[in-house]
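Work through the following exercises on aromatic rings with the sequence and the model at hand. Each task is followed by a solution that goes step by step.

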Amino acid sequence: MNYTTKTDTGVVRTENQDRVAVFKNENVTFGILCDGMGGHTGGSYAASITIDAFEKEFNKNFPNNSKNYNKWFLKAVSRAKKEMESFANEDQNLLDMGTTVTCVIIAKEEAYIFNIGDSRTYAYNGLLHQITKDHNLRNHYIEKFGYSDEKAATLMGAAALTSALGPRKKSKIDSIITPIDKDLKYFILTSDGIHDYISKPNFEKIISLDISLEEKAERLIISAIKGKSSDNLTVAIMEVD
């Protein structure tokens with residue numbers, strides 16, 4: 001399976017707190033993207049620790065049976081949280097560290113998507129489909145109190161996270177299974193520095209271009225920066241074979 005990852009600090013932030021990686025074995029490809037919580041002490045540590053914990057669990061304990069994927073993901077999340085807590089013992093201020101997590105396990109006939117926070121996983125089959133739902137105040141009020149999307153968007157702090165992974169963070173975990181059919185071409189992971197600053201039509205246009213995966217990733221980042229992105233920008237594009 002062909003894939004590419006790209007991350008950029010952007011034009012406003014001085015530190016890149018995003019992390020992204022793709023791991024493979026003989027049966028599956030696993031992509032993961034973490035966005036360390038901007039403005040929170042230790043966001044880059046949280047993202048790095050999480051990627052490292054998932055890599056260790058993938059290399060040593062990844063299950064052969066898809067029925068155990070949920071259990072494996074929860075174990076990796078637990079490991080990441082414990083390693084963050086251990087790291088924070090050196091500095092109590094780091095207990096407030098946090099990160100988003102969005103990831104996809106691409107098997108032969110199905111893909112298994114997990115999400116914590118507001119980074120996103122998309123599928124592309126000629127059209128762009130957002131698979132994950134952002135865990136933010138806006139969607140919380142839509143789901144819990146029946147707000148319209150327009151009304152929820154006017155809430156103060158509408159984009160504030162309601163779920164993240166960290167020593168003191170509340171983590172809501174979404175688990176989604178998506179069938180892989182002949183029309184499915186890519187899975188795409190993005191941090192909000194990209195998807196909040198690029199329109200869906202422009203996103204689709206870039207992904208549809210007859211250029212390399214690396215060029216697609218580069219153009220997404222450039223387009224989001226032109227759209228006034230004030231955050232770090234990170235993307236993974238995985239081609240479905």
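**Exercise 1.** Determine how Tyr 141 and Phe 145 are placed along helix H3, and classify their ring pair.

*Solution.* In this predicted model, helix H3 covers residues 137-145, and Tyr 141 and Phe 145 are separated by about one helical turn because they are four residues apart in that helix. The ring centres of Tyr 141 and Phe 145 lie 5.0 Å apart, and the planes make an angle of 40°. Since pairing requires centres within 6.5 Å, and planes neither under 30 degrees nor over 60 degrees apart count as tilted, the pair of Tyr 141 and Phe 145 is tilted. As for accessibility, Tyr 141 is partly exposed at 24%, whereas Phe 145 is exposed at 52%.

**Exercise 2.** Classify the pair of Tyr 69 and Tyr 112, and state which elements this pair ties together.

*Solution.* The computed centre-to-centre distance between Tyr 69 and Tyr 112 is 4.8 Å, and with 90° between the planes the pair is edge-to-face. Tyr 69 belongs to helix H2 (residues 69-88) and Tyr 112 to strand E5 (residues 110-116), so the pair ties together parts that are 43 residues apart in sequence. Tyr 69 is buried, with a relative accessible area of 4%, and Tyr 112 is buried as well, with 8%.

**Exercise 3.** Place the pair of Tyr 69 and Tyr 112 in its wider ring cluster, and give the count of aromatic pairs.

*Solution.* Ring pairs link Tyr 69 and Tyr 112 into a cluster whose members include Phe 23, Phe 30, Trp 72 and Phe 114. The count comes to 17 aromatic pairs.

Conventions
Residues are numbered from 1 along each chain as its sequence is written. This is a predicted model: local features need pLDDT of at least 70, side-chain atom pairs count only at pLDDT 80 or more; totals for chains, interfaces and linings use all residues. Side-chain values use heavy atoms; hydrogens and water are left out. Rings of Phe, Tyr and Trp (its six-membered ring) pair if their centres lie within 6.5 Å; planes under 30 degrees apart count as stacked, over 60 as edge-to-face and the rest as tilted. Helices (H or I, at least four residues) and strands (E, at least two) are DSSP runs, numbered from the N terminus. Buried means under 20% relative accessible area, exposed over 50%, partly exposed in between (1.4 Å probe, protein chains only).
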